[in-house]
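Colleague: Got a minute to go through this one with me? I'd like to begin with the ligand and then move on to the helices and charged pairs.

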Amino acid sequence: MHTIVLIPGDGIGPEVTSAARRVLDATGLKLEWITVSAGATAVERDGYDNVLPDVTLDAIRKYKVAFKGPVGTPVGKGFKSVNVQMRQKLNLYAAVRPVRSLDGIKTRYEGVDMVIVRENTEGLYSGIEAEITTGVVTSMKVATEVACTRIARYAFKYAMQRHRRKVTVFHKANIMKLTDGMFLNCSRKVHQEEFPGIEYDEMIIDAGCMKLVQDPSKFDVLLMENLYGDLVSDLCAGLVGGLGVVPGSNIGPDAAVFEAVHGSAPDIANKGVANPLACIMSGVMMLNHIGEEATGQRIKSAYNRVLAEGKTLTRDLGGTASTDEFADAVITAMH
Ligand code: NAD
């Protein structure tokens, strides 16, 4: 029996997490789900005074694994972003986002197979902003040697364990000499001292983005700080079929939270048309994390079959299937 903290979230969150949960439950694994809330739902529906209630954080601390839908943070009401708070408070320092070409999903590119490793706790998302005087505001970018070193070590270790060839750092150290300079120096040091057997490369992020859209199949593991990782994740999703097909995890020493890269998609919420695949894939990452790799592989084979067949695809992939119809097709393909 595994206990999983479930955060349905906002917008399409409840639709895609419930579809993914049905797929996970249909494997026959004994999963106990503890449902808690976060985001606009926590304040507007459940009456908490915070978008990230303490009970939610405590549940993740206690059970160590959470499955999360996207959340929205009400803008202009003084709330700090739920995701930034959660990642900082639970020390979920590594965001891991695999981006792969999938059979049956036609895009401009073939053979894309890369993993974005994003520093999740500092950089420009430190949330340290100030009004210097009327009409002048600042936002502070923070880079610490400890955080830069641990994310670099995570990326290289990940590359080694997964038999990946190369780690490429995207940076802007030509302009942000101290902060991105620190990120680069730590990455170089970890590479030289601990992982010399893995290829290492650095690219100024603007040129890196150009190279990504020219030929993404040339990239392997991409390592970058917080804001860059956020932007490049969505860019890379677009290369393989969109936000409906890119999963993610937020990993720390004490807990892990699994969630798709996409947001709450208010434009398609409550219509039953969102693609639950990214969420299902995040569920597979969660199963791998809790030692249920064989079951994860069963789900992966099942959704690969459904995609390759091409009969039951959601709208974002050119089909007409609903969220639940896609999940049902995966469940049928599993049995
Ligand atoms: P978004 O990712 O929600 O949506 C961008 C576009 O992609 C929209 O057109 C949407 O319809 C489409 N899309 C996203 N997921 C899809 C899916 N599963 N199936 C089909 N289409 C999908 O980005 P946004 O609109 O910029 O942000 C909306 C809200 O989500 C904001 O409040 C933002 O802060 C929040 N957000 C939350 C997370 C998270 O909780 N992890 C991540 C990103 C954004």
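**Ligand, helix and salt bridges**

Modeller: Lys68 has a polar side-chain atom that lies 3.2 Å from an oxygen atom of the ligand. Keep in mind that this is a predicted model.

Colleague: How far is the ligand oxygen from the side chain of Asp267?

Modeller: An N or O atom in the Asp267 side chain is 2.8 Å from an oxygen atom of the ligand. The protein covers 65% of the 810 Å² of accessible area that the ligand has on its own.

Colleague: And which backbone atom is 3.0 Å from an oxygen atom of the ligand?

Modeller: A polar backbone atom of Ser264.

Colleague: How many residues surround the ligand, and which are the closest?

Modeller: There are 19 around the ligand, and the closest are Val71, Asn83, Gly263, Ala265 and Asp267.

Colleague: How does that shell divide into nonpolar, polar and charged?

Modeller: Nine residues of the shell are nonpolar, six are polar and four are charged.

Colleague: Changing topic. What is the reach of helix α5 from its first C-alpha to its last?

Modeller: Helix α5 covers residues 145–161, 17 residues in total, and reaches 24 Å, close to the 24 Å expected at 1.5 Å a residue.

Colleague: Which residues of α5 are buried?

Modeller: The buried ones are Ala147, Cys148, Thr149, Ile151, Ala152, Tyr154, Ala155, Phe156, Tyr158 and Ala159. As background, an α-helix has 3.6 residues a turn, so residues three or four places apart point the same way.

Colleague: What about Arg153, buried or exposed?

Modeller: Partly exposed, as the relative accessible area of Arg153 is 37%.

Colleague: Which residue does Arg153 form a salt bridge with?

Modeller: Its partner is Glu194, with the closest N and O atoms 2.8 Å apart. Arg153 lies in helix α5 and Glu194 in helix α6 (residues 179–194), so this salt bridge ties together parts that are 41 residues apart in sequence. Glu194 is partly exposed, with a relative accessible area of 34%.

Colleague: What does the backbone do just after α5?

Modeller: His163 takes a positive phi there, about 55°.

Colleague: How many salt bridges does the structure hold?

Modeller: It holds 18. One of them joins Asp113 and Arg164, whose closest N and O atoms are 2.7 Å apart. That pair links distant parts of the chain, 51 residues apart: Asp113 is in strand β5 (residues 113–119), while Arg164 is in the loop between α5 and β8 (166–171).

Colleague: How accessible are the two partners, Asp113 and Arg164?

Modeller: Asp113 is partly exposed at a relative accessible area of 34%. Arg164 counts as buried, with 14% relative accessibility; the cut-off for buried is under 20%.

Colleague: Which residues are in a network of salt bridges with Asp113 and Arg164?

Modeller: Arg100 and Asp220 are linked with them in that network.

Colleague: And Lys166, which residue does Lys166 form a salt bridge with?

Modeller: Asp201, with the closest N and O atoms 3.7 Å apart. Lys166 is in strand β8 and Asp201 in strand β9 (residues 199–204), so the pair ties together parts that are 35 residues apart in sequence. Lys166 counts as buried at 16% relative accessibility, whereas Asp201 counts as partly exposed at 24%.

Colleague: A few leftovers. Where is Gln85?

Modeller: Gln85 is in helix α4 (residues 82–89) and is buried, with a relative accessible area of 6%. A polar atom of the Gln85 side chain lies 3.2 Å from the backbone oxygen of Lys80.

Colleague: And where is Phe219?

Modeller: Phe219 sits in the loop between α7 (205–214) and β10 (221–224). Phe219 is also buried, with a relative accessible area of 6%. Between Phe219 and Ile7 there are 33 Å in space, C-alpha to C-alpha, and the two are 212 residues apart in sequence.

Colleague: Last one, Leu24: buried or exposed?

Modeller: Leu24 counts as buried, at 2% relative accessibility. Its place is in helix α1 (residues 13–26). From Leu24 to Asp215 the C-alpha to C-alpha distance is 34 Å, and they are 191 residues apart in sequence.

Terms used. Residues are numbered from 1 along each chain as its sequence is written. This is a predicted model: local features need pLDDT of at least 70, side-chain atom pairs count only at pLDDT 80 or more; totals for chains, interfaces and linings use all residues. Side-chain values use heavy atoms; hydrogens and water are left out. A residue is near a molecule or strand if one of its heavy atoms lies within 4 Å of it. A polar contact is a pair of N or O atoms within 3.5 Å; within protein, one must be able to donate a hydrogen and the other to accept it, and residues adjacent in sequence count only if both atoms are side-chain atoms. Accessible areas come from the Shrake-Rupley method with a 1.4 Å probe; for residues, only the protein chains shown count as cover. Ala, Val, Leu, Ile, Met, Phe, Trp, Tyr, Cys and Pro count as nonpolar, Asp, Glu, Lys and Arg as charged, and the others, Gly among them, as polar. Helices (H or I, at least four residues) and strands (E, at least two) are DSSP runs, numbered from the N terminus. The expected span of a helix is 1.5 Å times one less than its number of residues. Buried means under 20% relative accessible area, exposed over 50%, partly exposed in between (1.4 Å probe, protein chains only). A salt bridge is a side-chain nitrogen of Lys or Arg within 4 Å of a carboxyl oxygen of Asp or Glu.
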